[in-house]
Amino acid sequence: MVEEISSNLYKIEIPLPKNPLKAINSYVIKNAERNLIIDTGWNQEECMEAMQAGLTELGVDIRKTDFFITHLHADHFGLVSNVMADTSKIYFNQPDADRFRSGFRLDDFVNVARLNGYPENELQKAIHAHPGLKFRASADLAFHILKEGDTLSIGDYGFKCIETPGHTLGHMCLYEPSKKIFVSGDHILNDITPNIQLWFDEWNPLKEYLSSLDKVYEFDIELVLPGHRSIFKNCRGRIQELKHHHQSRLDEIISILEKGSKNAFQVASKMSWDIISDSWDLFPVSQKWFATGEAMAHLKYLKEEGIIRSEVRKQKIVFSLNRNHSI
Ligand SMILES: [Zn+2]
């Protein structure tokens, strides 16, 4: 599924089978000297087939092609190790490159999940169903690190690198000021809400995410090329909706904790989700996992704002409302 977006800029839709995201958008900028591919897909067969069919249709020579990856998640990053040539460069951000190098230790995931109330009998299943572990890149990779304000030039396009931490530690977008095109990765999506989760690092992802939204609000943007679903125009309107969404989430968690202290898994089980399922118990394990991570990001934000507090009880982290909270 190849679509021309603007001159020499194309979208290849890469399917993500059996996943609610459905597909990822890979963007290709063709140029006589070097082509650029932005984001790739999971490291698995269907993604590889779709990518190769798209590149064949576009007549892209992979030996003359470099990659820009918006962030570390496997649906954007995973396939790059298999699709690239040994002449390809990978442009990437430093924080996500560091996280890639430090690797994914299953024990770390298990410990954090357990502390946050994830049920023991579903832990192993959740870990093994996690797409980030199943479909990650297969090789040790060398990166060309980009940072805020760097420019990536391909033919008529001069993309400025915009650091937008939140969805991941180092998430990076691209802005083409003369064409007013914004490549948003998973920072701003139109049809679904980007997932903001906290698992490891000592940071406040929701706070970073909200300030990254404010940062992009200032840009003059006519066309947003997101990592998933439809390309759209009204960037500022969408930013306002996303900010509103997170505020409602925070309010929802406060009202959940007003009924008593809970761990993150219990909070997630009481939150409202878009997933079609009769009950929380029937959610697929991987969706419970994402929901718990999302609850943890919001709980961290509320804790840093002084609205809630946490303590360890019976080897679980439990959150309670502070008495004189105000938001
Ligand atoms: Zn994604």
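Good morning. I begin with a charged pair in this predicted model: R34 and D66 form a salt bridge, and their closest N and O atoms are 2.7 Å apart. R34 sits in the loop between β3 (23-29) and β4 (35-38), whereas D66 belongs to strand β5 (residues 65-68), so the salt bridge ties together parts that are 32 residues apart in sequence. The two partners may also be described by their accessibility. R34 has a relative accessibility of 29% and counts as partly exposed. D66, at 6%, counts as buried, because the limit for buried is under 20% relative accessible area.

I turn to a second pair, D86 and R63. Their side chains form a salt bridge with the closest N and O atoms 3.2 Å apart. Here too distant parts of the chain are linked: D86 is in the loop between α3 (80-83) and β6 (90-92), R63 is in the loop between α1 (45-58) and β5, and 23 residues separate them. Is D86 buried or exposed? D86 is exposed, with a relative accessible area of 70%. Its partner R63 is partly exposed, at 44%.

The third pair is D220 with K180, which meet in a salt bridge at 3.1 Å, N to O. D220 lies in the loop between α8 and β12 (223-226), and K180 in the loop between β10 and β11 (181-185); the two are 40 residues apart, and the bridge links distant parts of the chain. D220 is partly exposed, with a relative accessible area of 41%, and K180 also counts as partly exposed, at 25%.

Beyond these pairs, E3, K11 and E13 are linked in a network of salt bridges. The count for the model comes to 14 salt bridges.

Let me now move to the nonpolar interior. The largest nonpolar core has 56 residues, and F182, I188 and W289 touch the most other members. Several elements give two or more residues to this core, including α5 (106-115), α6 (120-129), α8 (205-217), α9 (235-258) and β14 (316-321). Which element gives the largest share? That is α11, with nine residues.

What surrounds I188, leaving aside its neighbours within four places in sequence? I188 is in contact with F182, P194, L213, V216, P226, F232, C235, R238, I239 and L242. Apart from the largest core lies another core, of 31 residues, with I12, I14, A74 and F77 among them.

Thank you; I would be glad to take questions.

Terms used
Residues numbered from 1 in each chain as written. Predicted model: local features only at pLDDT ≥ 70, side-chain atom pairs only at ≥ 80, totals over all residues. Heavy atoms only, no water. Core = buried A, V, L, I, M, F, W, Y, C linked by side-chain atoms within 4.5 Å. Buried < 20%, exposed > 50% of the residue type's maximum accessible area, 1.4 Å probe, protein only. Helix = DSSP H or I, 4+ residues; strand = E, 2+ residues; numbered from the N terminus. Contact = heavy atoms within 4.5 Å. Salt bridge = Lys/Arg side-chain N within 4 Å of Asp/Glu carboxyl O.
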